Amino acid sequence: MPIHTRARRALLMTAATAMALTAQPAAAQDATEAGGFFQMLGRIILGTGTAKVAIDTPQAVSVIEQQDIDRAQPLSVGDLFKGVPGVQATGASARPMGQSFNIRGIGNTEQTASEERIKVVVDGAPKFFEQYRMGSFFGDPELFKRVEVLRGPASSTLYGSGTIGGVVSFTTKDASDFLTAEENNALRFKAGYGSNGDSSRLGLIWATRRGNAEFLGALNSSRGGQMKDGAGNALQGTEHEAMSGLVKGKFNLGEGDEQSVTLSFSRTDSDLDDTAVAQTGGAAMAGFGTADVHTIDDTATLTWHHGFADNPFLDLTVQLSYTDTTAKKRNFSFGFMCAPGTMQVLCDSDFAYQTTTLRVENTAELSAGNWDNFVTFGVQVSEQKRVATSSVGALGFHPEGTDRKTGVYVQGEFTWNDRLTIMPGLRADFGQRTPSAASVAAGASAADDTAVSPKLSVLYEINEQWGVFGTWARTERMPTLDELYSYSAGETPSLNLDKEEAETVELGFTFQRQNLLSEGDSLQLKATAFHNDLTNLIARDSTPGTPYYRNIAAAKIWGAELEAAYDAERWFGSLAWSHVKSKDSATGLTLADTPAENVALTLGAKLPEHNLVLGWRGYYFDGITTSSATTSAGAYDTHDIFVTWTPDSGVLAGMDVNFAVENVFDQSYRNNLSLDAAPGRNAKLSISKAFTW
């Protein structure tokens with residue numbers, strides 16, 4: 001075993017053992033109530049059904065709250081997931097528009113359909129974007145107050161069949177986040193700066209309450225120059241400009257405000273000039289040169305909720321949502337090579353996904369005796385349009401078409417005596433894909449399919465400190481429009497693709513104690529092992545005269561995760577470890593999208609008399625060799641420091657100051673799932689001030 005591997009594992013085990021050896025008994029529920037600056041396992045999870053504390057959820061889950069987002073001062077969405085086990089961004093590490101998601105080795109850096117294997121939602125609205133070697137998510141992190149990550153296919157029940165990797169769920173800010181019970185108006189200003197690339201951010205939030213209604217308006221701007229890696233080399237295409245906005249209103253109705261209507265609209269408008277055409281992929285893709293990329297990402301939701309306080313069988317939510325994500329590419333450096341056929345990728349072109357979704361969901365309470373029982377029924381209907389226009393006509397590598405789906409699902413949550421939780425679930429999705437006229441001319445035809453996803457999750461609390469949990473889940477993923485209908489001069493549409501299938505088993509344990517070293521402190525720990533059998537994986541086939549995509553036989557992905565946190569009045573620490581292994585059953589090689597084993601360790605101090613929090617975080621990544629030279633990389637470690645100051649009295653009350661230095665030692669490195677080198681040292685400062693009346 002390499003020395004660096006032994007060192008990282010020794011660090012992990014030493015930190016985890018030290019946390020465990022200091023523990024003393026306490027009530028489990030008190031541990032979750034301790035809150036804490038870094039107690040992610042004590043936070044409430046909303047996306048698994050009824051609200052649950054993360055450590056008491058029979059699934060691997062994590063939640064990122066507003067304080068984490070403020071401290072991270074993220075340039076791109078990938079910055080949010082540092083310290084979350086099993087989750088990374090893939091693609092371009094320093095470009096706001098060059099990233100997708102990878103959960104436990106699911107999430108492609110070189111191919112497509114990542115965002116069908118991993119469901120992404122904003123305020124409950126499904127988001128989807130795929131375009132040849134480009135990132136998939138373009139929302140501004142400043143719009144969000146919360147991000148939940150649900151790992152594994154157990155999430156397929158509520159979010160859609162095919163969710164092999166998991167779910168990333170974003171929640172936008174609300175007016176009530178900035179208002180108090182006594183004050184009905186708030187105005188918040190925010191400014192930020194980053195030294196690497198000389199980036200700047202400005203933000204303005206207005207919130208007000210009028211009777212039973214509340215309203216929020218937010219506007220953000222961001223711009224930055226060319227960043228550099230740790231060796232001082234320029235990171236091409238990192239110059240950017242972006243604007244984002246959010247308008248949101250909530251109306252409470254009925255006796256006891258048991259009804260609510262929420263209307264939300266957000267937009268992120270971003271520009272990258274002279275950026276790589278291949279935002280994902282490897283060094284071989286550099287031959288495509290650069291282009292100017294302009295993206296607009298819209299999300300609109302209308303949600304009605306009725307709690308029916310007098311009827312336990314009804315708790316109804318109806319949501320209508322519309323999303324439109326558009327990417328425009330112009331001014332190609334190799335635009336002179338633009339031609340019909342394979343070089344269409346170098347032609348002026350527009351790409352878009354427009355998705356309309358209606359979801360109706362009801363939760364019935366059926367509690368009796370020592371059992372607390374909830375059953376959720378739902379129907380989800382969606383229509384997704386894939387749009388593409390080009391200066392040379394139809395694009396074979398980005399075929400237009402329409403994907404209509406109807407999903408029906410049921411999930412139970414049965415808890416006995418606050419100790420045993422059983423969560424069965426079943427979902428069926430019925431899909432109808434219709435190709436464009438150009439794809440029909442190339443040999444495509446309409447396709448109908450059905451995908452079924454059952455699951456069973458169980459958690460048992462042995463005593464006040466220890467719990468065990470497990471999940472069995474199976475899901476099927478229907479081929480996407482891209483996979484069915486892509487074609488080229490030498491390759492036909494892939495009409496005979498089988499559904500991808502994944503069967504996963506998770507086993508884990510939880511541990512929580514309070515009053516370890518001082519009154520009110522707490523330790524929480526959750527460990528998960530998983531094994532994923534994948535069959536009929538869909539992959540690109542570049543062989544002339546064959547269909548554009550094909551099914552490969554099978555693959556296995558397995559591994560383990562550990563998440564632990566200690567919190568006290570003056571000290572805190574957290575640890576996240578992830579180790580994912582994989583094997584292509586045909587070749588025996590490690591799959592290209594497998595992340596390297598990694599550890600994130602955080603230590604910090606709180607000075608409540610000065611309203612200060614100081615911390616250090618180290619990231620340790622082992623080297624990895626995969627089936628692709630692009631996603632193989634050496635070991636590295638980086639270190640960040642951060643300071644948060646929140647004065648609560650005098651003229652500075654209502655101010656938040658966040659300062660951080662990322663990659664303190666200016667390390668030169670590349671994460672194996674990233675397209676290019678990571679940024680070097682970057683000092684970041686953000687200051688916000690809220691006025692309320």
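Asn611 is partly exposed, because its relative accessibility is 22% and the buried class ends under 20%. This is a predicted model, so please hear every value as computed from predicted coordinates. Asn611 sits in the loop between β29, residues 598–607, and β30, residues 612–621. Its phi is positive, about 55°, although Asn611 is not a glycine. Why mention the sign? Most residues other than glycine have a negative phi.

Asn417 also belongs here. Its phi is positive too, about 55°, and Asn417 is not a glycine. Where is Asn417 placed? It is in the loop between β21, which covers 401–416, and β22, which covers 420–435. Asn417 has a relative accessible area of 38%, so it counts as partly exposed.

Next, a loop residue with another kind of setting. Gln344 lies between β18, residues 316–330, and β19, residues 349–365, in the loop that joins them. Is Gln344 buried or exposed? Its relative accessible area is 7%, so Gln344 is buried. What is it in contact with, once neighbours within four places in sequence are left aside? The list is Ala339, Val392, Gly393, Ala394, Leu395, Gly396 and Phe397.

Now to a strand. β27 runs over residues 549–567, and Ala565 is found in it. Ala565 has a relative accessible area of 4%, so it is buried. Along the chain, Ala565 and Leu603 are 38 residues apart, while their C-alpha atoms are separated by 9.8 Å.

Ala560 is found in β27 as well. Ala560 and Ala527 are 33 residues apart in sequence, and from C-alpha to C-alpha the distance is 7.4 Å. Beyond four places in sequence, Ala560 is in contact with Thr528, Ala529 and Phe530, and also with Trp577, Ser578 and His579.

Let me step back to the whole protein. How many helices and strands does it have? There are seven helices and 33 strands. The radius of gyration is 24 Å, and the globule rule gives 26 Å for 693 residues; the two values are close, so the protein is as compact as a globular protein of that length. Along the principal axes, the C-alpha atoms fill a box of roughly 70 × 60 × 60 Å.

Contacts give another view of the fold. Take the contacts between residues at least 6 apart in sequence: 66% of them join residues at least 24 apart.

On burial, 59% of the 693 residues count as buried. The protein exposes about 26400 Å², and carbon and sulfur atoms supply 59% of that area. As for charge, there are 56 positive and 81 negative charges, and the mean positions of the two sets are 3 Å apart.

Last, confidence. The mean pLDDT of the protein is 88, and 91% of its residues reach 70 or more. Which residues stay under 50 in pLDDT? Residues 1–36 do, and for them the model has 67 contacts beyond four places in sequence. Where pLDDT is low, the predicted coordinates should not be read in detail.

To recap the individual residues: Asn417 and Asn611 have a positive phi, Gln344 is buried in its loop, and Ala565 is buried in β27.

Conventions
Residues numbered from 1 in each chain as written. Predicted model: local features only at pLDDT ≥ 70, side-chain atom pairs only at ≥ 80, totals over all residues. Heavy atoms only, no water. Helix = DSSP H or I, 4+ residues; strand = E, 2+ residues; numbered from the N terminus. Rg over C-alpha atoms; globule rule 2.2 N^0.38 Å. Buried < 20%, exposed > 50% of the residue type's maximum accessible area, 1.4 Å probe, protein only. Contact = heavy atoms within 4.5 Å. Areas by Shrake-Rupley, 256 points an atom, 1.4 Å probe, with all protein chains shown as cover. Lys, Arg positive; Asp, Glu negative; His and termini not counted. Charge placed at Lys NZ, Arg CZ, Asp CG, Glu CD. pLDDT = per-residue confidence, 0-100.
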